[in-house]
Amino acid sequence: MHVDSTPLFHRARLIARRSRAAGAEPLEALSARLAEDFSERLGVVTRSFARILDMASPGEAPREAIVARGLPRPIALEPAPMLAGVRPAPVVVARPDALPFAASSLDLIVCSLVLQTIDDL
């Protein structure tokens, strides 16, 4: 069976769209809704997490919701280098399908609105 190694998505276009949408009012409203969802889901979890990764969620509201639950500030994985400088630390610039973390080094990975743009995990 032949496996096509051609990337499914055009990385530069995805990054350009992400950069263009950053800070837009509709994105902020969506980010706030995602934060509510994160907060609700974490409200039923009894485990504590020391090292959390937010895999390219749009906006800061989801990370803030996690902190509001008493958890440490998640590391933001930002695929768009031009947005990394405007996001609060800690921030790592990387592709979501090429995580620069050692195996078992993260306790929790949260992800919203990004999995549909990943070629392969």
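**Exercise 1. Strand pairing.** Work out how many bridges join E1 to E2, and which way the two strands run.

*Solution.* In this predicted model, E1 and E2 run parallel and are joined by 3 bridges. For a sample pair, take methionine 55, whose bridge partner in E2 is leucine 77. Next, follow the chain: it goes from E1 through H3 to E2, a β-α-β crossover that is right-handed.

**Exercise 2. The faces of E2.** Sort the residues of strand E2 (residues 75-78) by the direction in which they point.

*Solution.* Start from the general pattern: side chains in a regular strand alternate between the two faces of the sheet. Here Ile75 and Leu77 point one way, while Ala76 and Glu78 point the other way. Then check burial: all of them are buried. Finally, look at the pairing with strand E3 (residues 91-93), which runs parallel to E2 and is joined to it by 3 bridges. Glutamate 78 stands opposite valine 93 there.

**Exercise 3. Two positive phi values.** Compare alanine 56 with serine 104: which is buried and which is exposed?

*Solution.* Phi is near 65° for alanine 56 and also near 65° for serine 104. Alanine 56 sits in the loop between E1 and H3, and serine 104 in the loop between E3 and strand E4 (108-110). Now apply the cut-offs: alanine 56 has a relative accessible area of 0%, so it is buried, since buried means under 20%. Serine 104 reaches 77%, so it counts as exposed, the limit being over 50%.

**Exercise 4. A buried serine.** Find the side chain that serine 57 contacts.

*Solution.* Serine 57 lies in the loop between strand E1 (52-55) and helix H3 (61-68). Its relative accessibility is 0%, so serine 57 counts as buried. The side chain of serine 57 makes a polar contact with that of aspartate 54, at 2.5 Å.

Key: Residues numbered from 1 in each chain as written. Predicted model: local features only at pLDDT ≥ 70, side-chain atom pairs only at ≥ 80, totals over all residues. Heavy atoms only, no water. Helix = DSSP H or I, 4+ residues; strand = E, 2+ residues; numbered from the N terminus. Buried < 20%, exposed > 50% of the residue type's maximum accessible area, 1.4 Å probe, protein only. Polar contact = N/O pair within 3.5 Å; in protein donor to acceptor, adjacent residues only side chain to side chain. Pairing = 2+ DSSP bridges. Right-handed = clockwise from strand over helix to strand, strands pointing away.
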